[in-house]
Protein chains: 2
Amino acid sequence: MTTTVQPASPPASTRALAADLTGRARDLVEPYLRESVALLEPGLAAICGYHLGWTGPDGSPAVPAVPAGKAVRPAFALLAAEAVCGSVRHAAPAGAAVELIHNFSLIHDDIMDRDEERRRRPTVWKQFGVPAAILAGDALQTLAFDVLLRHGGRRGPQAAERLADSLRELVDGQARDLCFAERPWTGPEAVTVEEYRAMALGKTGSLLACASGLGALLGGGTALQAATLAEAAGQLGLAFQCVDDILGIWGDPALTGKPARGDLRERKRSLPVLAVLSGADAPARHLADLLTAEPGEAELLVAADLIEEQGGRALCEHEATTALARAHALLDRVAMPASTRAGYAALAAACVARTS
Amino acid sequence: MTTTVQPASPPASTRALAADLTGRARDLVEPYLRESVALLEPGLAAICGYHLGWTGPDGSPAVPAVPAGKAVRPAFALLAAEAVCGSVRHAAPAGAAVELIHNFSLIHDDIMDRDEERRRRPTVWKQFGVPAAILAGDALQTLAFDVLLRHGGRRGPQAAERLADSLRELVDGQARDLCFAERPWTGPEAVTVEEYRAMALGKTGSLLACASGLGALLGGGTALQAATLAEAAGQLGLAFQCVDDILGIWGDPALTGKPARGDLRERKRSLPVLAVLSGADAPARHLADLLTAEPGEAELLVAADLIEEQGGRALCEHEATTALARAHALLDRVAMPASTRAGYAALAAACVARTS
């Protein structure tokens, strides 16, 4: 029995390439983010700047520097533009738009989940109150449409329409996730693995897919190229969510920054749990019993081991691997420069082989 | 000393015309609203349907019928299209977009203000919880862009860009309003009447202005026509907010459905209060003292009378009258059919001469 994830770590060169791509994306996209946020009322701009790691709670430059978000979504937007032989500069507004949406959803998610810490600092609602956090999120959603329509060029409107579709999918995924918590652990009303997949594709896949689709669109790609690259990124989002679920039970707190077995403690309907419950056998009933009561540390440990023994973790890893393979198969359908394909491989590896 | 507002009520024919216009707007816009909401995940669609008065909390048709919102904003969109001799049908997506934004902001406002009742039913957060209410609001914002981009025709993208601008102004106004509550009653840090005006133009004026501007745009009007009609509606929004402030102190609870002197009890920085405080004299200090402590019913009555005696109510009424006059002057600059001009006059009167 292991209690921490020991993924097959990608080689250092792959990790360096992924870091290069996200770093480049951050550099290209950040001017758009800063220009957008500066359009807001100064108090609101300061709150958004705090969330984005630019400033401290009082608006002063953040010292020591806060680790910025990973800019994975912007990196996918830029790669997609390269994949269709377009200019990454043209795709930068797409990267900015998805990053704004990502951060809007983080701010609102933290309120919904009552999470008090993000990137080792108090969350926006914790620091500035729920009303200000709701407004800050609302403002970032607006800015995402704004940046696409103002800087997206001739294809900006089409991109904005696509963004609205993705946002619907994102919100749908979150709504499904929210409903999961109220459903029973077992019986005909229980959450199915299929429902989980639809939720994860919406909640995590839609924005990655959107980043790729918009990047391809603004990069001048065809509708087919955009759709294929979007679907590939959506599958990576599904893989990403599976890994998240594994880390949520077996992740090392020292690396994740979250308590061990947090997803079990919060009784999340995550994939490893659902996989065991779907058996509807004695172990499933045992797990449901363990999670139905307010489980203590001892029960959480028993539950984690039970899930692993019953193959819940293995199924989740299999699901991630399958989604990853689907993503690669889709990427292979798009003729692209070898360096771009290598970039996709590095980002895909970074999404899956991670410890935090 | 009066304790209820007794506005000069417009003639019955004017009231009937305003009701006709909002009724027609509701009929034209509702199919777009229903089509939009139906795009959402069913659980989320049900929550939005509840908020919009279509269904009960369990998703069943609302019986008895809930009084629908007044559709004032859609009515402005359609009138603006008529004013530029365009088709009201072309402007219907504009009306739907602003109505979606209006309802998104109501749902989020109710969370921020902890308001438990709206249209005589529990608010969305009260009925379904804060997380669901946040998501439902987020979804409606997205749908507003969606409906404009999908149904707005050739000018849809320009309209969506304008919508993003207005949303920024709306959120800015809300952010200012939020900050007001933390500022002192007197001294150099106190809220000024000028700041109040900027807040009210953003919070209430921006969406009315947007409705008019988008209606003119989709109706085929020129940029100048759209800007003039938008500015006129923005001034009506300011007048509307002034009347709201008067009702918030002197409104009749039987008509407003809210407790008497509610704005004083909640210690809102409303215009009648700010007008007296700006005197920085003995009455101003007296009022500040009354409002600084947790005022009881007796203090609230004294404060309301003090504000009236010191001319705070008169100034607020004057501000509303001035904004109304500016709106009419702007409307007179746009050559439009006489029946459309009469419609504007009726809607303007309805915004100002109201008791709830």
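Here is a walk through this predicted model, from the interface between its chains to a helix pair and a salt bridge inside chain A.

Let's start where chain B meets chain A. Each side brings a similar cast: 34 residues come from chain B and 34 residues from chain A. How much area do the two chains bury between them? About 3,200 Å², with carbon and sulfur atoms giving 72% of that figure. On the chain B side, three residues stand out: Glu41(B), Leu135(B) and Arg168(B) supply 19% of the area that chain B buries against chain A, more than any other three residues.

Arg168(B) is worth a second look. Its side chain meets that of Asp146(A) in a salt bridge, at 3.3 Å from N to O. That pair sits in a short list, since the rule finds two salt bridges across the interface of chain B and chain A. If you count polar contacts instead, there are 10 residue pairs between the two chains, with both partners at pLDDT 80 or more.

Which elements of chain B give two or more residues to the side that touches chain A? They are α4 (88-113), α6 (130-151) and α7 (156-180) of chain B. Sort the residues on that side by character and you get 21 nonpolar, four polar and nine charged.

Now step inside chain A and find helix α3 (residues 72-83) and helix α8 (residues 193-218). These two pack at an angle of about 35°, their axes 7 Å apart, and the crossing of α3(A) and α8(A) is right-handed. From α3(A), the residues in contact are Val72(A), Arg73(A), Phe76(A), Ala77(A), Ala80(A) and Ala81(A). Across from them, α8(A) offers Leu207(A), Leu208(A), Ala211(A), Ser212(A), Gly215(A) and Ala216(A). Taken together, the residues of this contact split into nine nonpolar, two polar and one charged.

Finally, back to salt bridges, which number 42 over all chains by this rule. One of them joins the side chains of Lys126(A) and Glu116(A), at 3.8 Å from N to O. Lys126(A) lies in helix α5 (residues 124-128) of chain A and Glu116(A) in the loop between α4 (88-113) and β1 (117-118), so the pair ties together parts that are 10 residues apart in sequence.

How values were computed. Residues numbered from 1 in each chain as written. Chains lettered and ligands numbered in written order. Predicted model: local features only at pLDDT ≥ 70, side-chain atom pairs only at ≥ 80, totals over all residues. Heavy atoms only, no water. Contact = heavy atoms within 4.5 Å. Buried area = accessible area lost by both parts, 1.4 Å probe. Salt bridge = Lys/Arg side-chain N within 4 Å of Asp/Glu carboxyl O. Polar contact = N/O pair within 3.5 Å; in protein donor to acceptor, adjacent residues only side chain to side chain. Helix = DSSP H or I, 4+ residues; strand = E, 2+ residues; numbered from the N terminus. Nonpolar A, V, L, I, M, F, W, Y, C, P; charged D, E, K, R; others polar. Axes fitted to C-alpha atoms, helices over the stretch in contact; angles between N-to-C directions. Left-handed = near helix turned anticlockwise from the far one by under 90°.
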